[in-house]
Amino acid sequence: MPRVVFVAPYFMDATLRFVDAVASLPEVELGLVSADPADKLPPRLRSRLAGHYRIGKPLDPGALLHGAKMLGHHLGGVDRIIGSLEQLQVPLGWVRDRLGVAGMGEAASRRFRDKALMKDALRQAGLPCARHRRTNSAADVWAFVEEVGLPVIVKPRDGAAAAGTHRITSVDALKRALSSFVPEMVEEFVVGHERSFETASIEGHPQWDSHTRYDPSPLTVLENPWIQWTVVLPHETRTSDSEAIGPVAHAALRALGMHTGLSHMEWFRRADGSVAVSEVGARPPGAQIVSLNGWAHDTDMYRRWAELVTLDRWNVPPRQYAVAAAYFRGQGEGQRVVALHGIEQAQAELGHLVVEAKLPEPGQPKARSYEGEGYAIVRHPETLVVERAIQRLVSLVRVETG
């Protein structure tokens, strides 16, 4: 029976879905490391843990190592160390190296986490991605702009979910940006439709993949607070998109050193049909994409992930549906939701297609991310039906903040 240490810094709902999935496996003995106390867990989940160890700094490698060692003493050893968050991947790799635990080590984890290292590795492997440069000064940024021109993207090297990422389209905008901060990385702006590509791998060998379409791109959503974002997962597992990016995506995972787990790639499809890799995460995707795949394949995808990372097992049934998510984002100057408009009409027209929803509620704080204050997921066997439904949904529903 594998002895698994799961690092869950704080008991957020999204994180607990992954913890619960691992805890539900009868073949696994699970210990949990967190900054939150065990009594904050739902009683049903807490009762299925073989151990819990609380640490003060849940992203600190030294603290994680100590927590893993203490749980190892309690469990009689540690066979796997896992976590679902982007920010944990390098510390977890460092701890695996120190304890000799199977999985991705620190060096490979850094190639996924540090976007400059990532693109270095991709370009060395001959894979298409934006030209880029590490930057430590304003002079570095100006030199890159003189070389490739505007627009450019400036970002941190270890960002996630487009946090800290800015599109710079003019000299004046660049001057303003550099007067307030110096980015860690600058890259050319790639024009194209943004997509995602997920891969399940076991010891570096792809077992399964899936792809979604973003409308519009997350960066465009961040730049325009009024836009309600959508993600579509087509019924078809093989499309022109998957045929174009699949070989590139699998080659990218080899170049970066993917081991066992579910990875999430964001990429662009240019007007001429060519592709460019944007970023790759060695962790499950956000934006409800795990849930979308669960609805599309009529299976518990969180449990499938848990089996993958603890038991090296991947058994997902064929896809049966197209699925899409709409993210409802507050519009207005205020910082709290005051009303939800159009939901009655949306329910009347589209309620029969909705399989999951978390609707914004009056009084809740305005969200900072592009996923907004709530979402709804629709499902149907035909991709076109889902595409039309999700566009109608974001045209009807409006979240008012004040």
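1. A quick definition to start: a cavity here is a set of grid points where a 1.4 Å probe fits but cannot get out. Keep in mind, too, that this is a predicted model.

2. How many cavities of 30 Å³ or more turn up in the whole structure? The search finds two. The largest has a volume of about 40 Å³, and the second largest comes in at about 30 Å³.

3. Let's take the largest cavity. Its lining is made up of E198, W208, L262, P285, I289, V290, N293, M301 and W314. If you want a place to begin looking, try helix α11, residues 289-297, which gives the most to this lining, with three residues.

4. What sort of residues surround that space? By class, the lining of the largest cavity has seven nonpolar residues, with one polar and one charged making up the rest.

5. Now for the second largest cavity. Around it you'll find F197, T199, A249, L253, S263, H264, M265 and V280. Three elements, β9 (193-202), α10 (240-256) and β12 (261-269), each supply at least two residues of this lining.

6. Which element gives the most to the lining of the second largest cavity? That's β12, with three residues. As for the classes, five residues of this lining are nonpolar and three are polar, with no charged ones. For the largest cavity, by contrast, the lining does include one charged residue.

Notes:
Residues are numbered from 1 along each chain as its sequence is written. This is a predicted model: local features need pLDDT of at least 70, side-chain atom pairs count only at pLDDT 80 or more; totals for chains, interfaces and linings use all residues. Side-chain values use heavy atoms; hydrogens and water are left out. On a 1 Å grid over the protein atoms alone, a cavity is a set of points where a 1.4 Å probe fits but cannot get out, and a pocket is an open set with protein on both sides within 12 Å along at least five of seven lines; lining residues have an atom within 4 Å of a point. Grid points are joined across faces, edges and corners, and a volume is the space filled by probe spheres set on the points. Helices (H or I, at least four residues) and strands (E, at least two) are DSSP runs, numbered from the N terminus. Ala, Val, Leu, Ile, Met, Phe, Trp, Tyr, Cys and Pro count as nonpolar, Asp, Glu, Lys and Arg as charged, and the others, Gly among them, as polar.
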